[in-house]
Amino acid sequence: MPMSTSRQSCSLSFTIAQASISKSLFSPRVGTLSLTRNGDGNIDIDTPGVIVNTSRGVVPHLSREQYKQCSSVRWVHVPFETFLEHKPPVPTLQTGQDPLHRFLGYPSDKCVVSMSLRDPHDGREVPSNGNAFVSANTIRGVRKVSPDEWRSYALACKPDIVVPLSDTPFNPSPYSQKRLTKSIERSFTWLTHFLQPIEGSHPFNVFVHLAGGASIAARTAFSESLLETLHGKDADMVKPLKSLDEGVTGYQLDLVPLRLALSGVINIDTSPVTTDPGIKTSDIVPLLRSSLFPLPTHKIRLVNSSKSPHEMLTLIQQIGVDLFDAQWAQRAADIGIALDFSFPVGNWGTRRRSNGKQDLGHNLFDPSYAEDFAPLANCFIGEATRNGDVPVCMCGACSPLSPHTRISHSSLDESAPNGGEVGQPFTRAYLHHLLHTHEMSAHSLLVLHNLAVLDAFFAGVRNAIRSLGNETFDLEISRFFQEYDEELLVFSESEAMWGEVEMARGKGRLTREKAKQTTV
Amino acid sequence: MQFEVIAKCHTTRARVSRMNLTHGVTMLPTFMPVATQAAIKGLTPQQVEALGVTLILNNTYHLNLRPGMKVLNQAGGAHKFQGWHRNLLTDSGGFQLVSLSKFTTITEEGALFLSPFTGEPTMLTPEESISIQHSIGADIIMQLDDVVSSLTTGPRVAEAMERSVRWLDRCIKYHEGSGKKSTQNLFAIVQGGLDPHLRHQCLDAMIQRKNDISGYAIGGLSGGEEKDVFWRIIKLCADKLPEDRPRYSMGIGFAEGRNFLLHLLVCVALGVDMADCVFPTRTARFGVALTHAGPLNLKLSKHEADMNPIDKSCPCPTCTDGTSRAYLHHIVTHETAAAHAVTIHNITFQAQVMGGARDAILSGTFPEYLRSFFAGYFGDGGYPEWCVNALRSVGVDLLQDHPVNLIPGSGAKWEYAN
């Protein structure tokens with residue numbers, strides 16, 4: 001394995017806007033995260049904001065050229081475990097600058113790439129971790145990864161941000177006191193190991209998973225251990241760091257293992273997405289607070305696998321979270337939902353349910369969209385409006401740009417016009433058609449759209465934090481809760497229809513569907 | 001339609017022409033990617049256009065079932081519905097009736113089939129087919145023809161050919177009266193099975209109707225027939241069809257997609273201008289990338305650590321971005337993004353092969369182009385005998401500077417694990 005230890009400079013800074021600093025430990029805040037690689041210029045990301053998830057290294061349903069065009073793809077998170085199928089993991093073989101960016105096709109001048117061993121959304125049971133390894137999932141079975149291996153992969157791949165190994169149990173809870181203690185101790189040891197200085201090179205930007213499971217005491221203990229002044233062997237190892245926290249850039253809060261620990265059931269389903277409706281956001285808040293309470297406030301707080309914008313708002317409001325992953329919106333694209341909501345609540349929205357609440361998006365599988373030629377979302381009033389009163393979203397599905405270049409295949413081919421013109425939006429009717437005909441393009445367009453809606457939601461949140469007083473911000477949040485359905489009924493409906501269409505293939509499909517429609 | 005032949009090959013029957021339709025210019029010879037259900041699988045129309053594609057195909061049968069004519073009429077046609085601003089061609093829907101339904105009965109009135117929605121007998125008449133294609137609004141529309149398998153023998157072949165001519169007249173009449181003639185162009189489909197006599201009869205009848213027809217398709221060769229028979233029929237038709245009309249070889253490689261490339265080049269040499277095939281896009285979804293050196297099966301473990309792109313010299317976004325074979329191996333058949341990446345490459349590759357043919361015909365080097373393509377594609381592994389025979393018939397000897405063995409059969413090339 002080519003193992004260059006020299007690492008280009010890559011520094012991450014986080015600035016919290018002056019106005020937000022004076023407030024309390026957990027109050028909502030806006031900030032800017034700024035990454036400088038090789039002194040080349042910054043990638044700035046506003047917070048609260050969103051990071052995009054990947055599966056096997058790719059943003060599901062997007063092509064590489066769409067990474068460049070889609071403004072929502074700014075920070076992508078790469079779970080590394082699928083690459084363990086090949087030894088050595090293939091991304092470690094990539095040469096040149098920014099190897100992980102290069103291997104996966106994320107433009108290094110535009111994208112921040114972070115890397116963790118495990119997929120933070122995967123709640124499936126895996127065999128226990130050991131004293132010197134973590135069990136990771138691949139399609140070829142479970143692989144053991146040692147702290148040494150993990151560090152060597154990170155050194156070879158040079159991601160902008162790395163999450164060190166953490167001992168998070170993925171077997172049925174409740175966990176004993178002993179298990180929790182072991183979890184904290186191992187996570188501490190592995191973080192210490194990871195923070196060893198790298199000879200002749202810039203240190204990693206490290207985000208640490210805050211361990212401790214569902215126990216307030218354990219979570220507090222882990223966070224406090226990060227701040228302790230180190231002695232003896234540990235101190236020698238991480239010199240010149242005085243405490244582990246000095247080597248940490250951000251704090252990561254993974255909700256999937258937390259929900260598992262709280263619910264006491266393990267997800268034996270093969271689907272890596274778990275949502276236990278029994279676990280409420282209010283059950284989680286005190287646990288997250290106990291982790292963050294001892295720690296300095298100026299570092300980035302990242303939450304993975306938040307289940308809804310409602311939960312995101314709560315976590316911003318009550319804990320001051322800075323970053324969320326987009327898993328929820330990406331999943332919506334998988335199951336045929338075009339998101340349509342805004343913050344603060346706007347005048348235009350989706351249909352209202354009998355309980356008076358609006359859905360967060362449109363289940364485009366629904367037959368009612370077959371002849372609906374409107375653009376995907378209503379909520380963009382005030383954005384660029386082309387036809388006067390029709391609100392338009394600036395994503396690749398609602399405002400498709402004509403190509404700037406066309407490949408010329410012979411000397412006779414006519415050259416392309418300039419390109420870059422905004423075309424007509426793709427309609428709900430077209431997406432409905434694509435979903436029912438199993439066309440992959442449906443999901444590409446929905447990913448582009450849903451990420452844009454989530455982005456706009458966070459822009460609205462930032463704006464509100466900046467310009468509104470605490471009380472007005474809280475009022476806007478309660479309006480959001482009043483207006484939009486928190487139960488996500490549209491998700492379960494869409495998921496059911498998606499499942500049916502997934503199954504519906506082969507001869508006689510149309511007849512069977514017709515028969516079903518007439519019996520309804 | 002404005003159709004103009006720009007250059008002809010001095011040796012073969014190949015030619016370069018310019019076809020100006022309602023949605024822009026398409027240079028011929030060309031290959032048409034297939035967007036059966038109003039989408040090239042996985043790509044947006046903008047992505048397809050960026051690849052330099054100017055003409056795609058939609059299937060009438062499928063669009064008629066879903067989304068249905070009501071939706072297409074409301075959308076203002078298939079171009080607007082799918083956001084495609086360049087040229088579009090639709091078939092008549094007749095072929096799928098035969099290939100997808102066991103119960104289709106052909107009567108003089110039209111094709112009687114069991115509706116896949118209601119199970120009730122439904123009639124697709126030539127008028128109905130054209131009417132549906134008018135709703136779709138494609139730049140090129142096809143007549144409804146009476147399709148029989150190329151393996152059919154006996155009086156049914158003659159009957160189908162004669163009926164196709166009669167149906168052509170009904171299509172012409174309906175199209176004339178529709179007011180769509182200025183924006184949509186009707187193509188006739190030459191039938192007659194594998195019988196040269198019947199083909200000649202059909203050609204004579206259809207050429208008589210030339211003034212009402214914008215172009216000609218060669219139908220009834222959908223695989224299964226002997227390759228040596230296949231190219232002889234193509235040659236017979238292409239030789240006889242009028243100079244000043246585009247010639248479209250329909251559904252070649254339907255049964256044996258892997259030979260599509262060879263069919264394509266041989267057909268061009270025989271004088272064909274257009275061809276469609278689902279193969280480049282379908283095979284991409286299974287992880288097979290097309291290259292000048294033969295297909296590359298990215299699922300094979302030999303690619304798992306290969307940091308090279310599919311083809312360093314390929315201008316497609318996948319290759320120019322440096323997407324490695326190792327990366328594609330990792331995601332192929334697991335992520336839709338793999339299908340997108342390889343589809344982008346394969347469509348570009350096909351378009352490059354055809355663009356290269358246009359340039360070679362223009363510069364008088366088409367025979368050399370064919371020889372170097374075969375040499376690169378097959379190396380010393382031997383050439384399919386039918387290709388050698390077909391190209392000899394138009395004055396190109398593939399073996400001239402490259403004496404290799406002749407392989408009987410279809411000549412499909414595949415990449416194996418070692």
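Here's a quick briefing on how the two domains of chain A meet. Keep in mind that this is a predicted model. The domain assignment splits chain A into domain 1 (10-47 + 80-325) and domain 2 (337-402 + 420-519). So where do they sit relative to one another, and what lies between them?

**Layout**
- Each domain is listed as two stretches of chain A: 10-47 and 80-325 for domain 1, and 337-402 and 420-519 for domain 2.
- Measure from C-alpha centre to C-alpha centre, and domain 1 and domain 2 of chain A come out 31 Å apart.
- Domain 1 of chain A puts 16 residues into the contact, while domain 2 of chain A puts in 20 residues.

**The buried area**
- Between them, domain 1 and domain 2 of chain A bury about 1,600 Å², and carbon and sulfur atoms supply 76% of that.
- On the domain 1 side, the residues losing the most area to domain 2 are A:Val30, A:His310 and A:Leu313, which together make up 39% of what that side buries.

**Polar links**
- How many salt bridges are there between domain 1 and domain 2 of chain A? The count is zero.
- Two residue pairs are in polar contact across this interface, both at pLDDT 80 or more.

**What domain 1 brings along**
- Strand S3 (42-47) and helix H10 (309-319) of chain A are the elements giving two or more residues to the domain 1 side.
- H10(A) gives the largest share of that side, with seven residues.
- By type, the domain 1 residues touching domain 2 of chain A are seven nonpolar, five polar and four charged.

Technical notes:
Residues are numbered from 1 along each chain as its sequence is written. Chains are lettered from A and ligands numbered from 1 in the order in which they are written. This is a predicted model: local features need pLDDT of at least 70, side-chain atom pairs count only at pLDDT 80 or more; totals for chains, interfaces and linings use all residues. Side-chain values use heavy atoms; hydrogens and water are left out. Domain bounds come from an automatic or database domain assignment. Contact means heavy atoms within 4.5 Å. Buried area is the accessible area (1.4 Å probe) that two parts lose on being put together, summed over both. A salt bridge is a side-chain nitrogen of Lys or Arg within 4 Å of a carboxyl oxygen of Asp or Glu. A polar contact is a pair of N or O atoms within 3.5 Å; within protein, one must be able to donate a hydrogen and the other to accept it, and residues adjacent in sequence count only if both atoms are side-chain atoms. Helices (H or I, at least four residues) and strands (E, at least two) are DSSP runs, numbered from the N terminus. Ala, Val, Leu, Ile, Met, Phe, Trp, Tyr, Cys and Pro count as nonpolar, Asp, Glu, Lys and Arg as charged, and the others, Gly among them, as polar.
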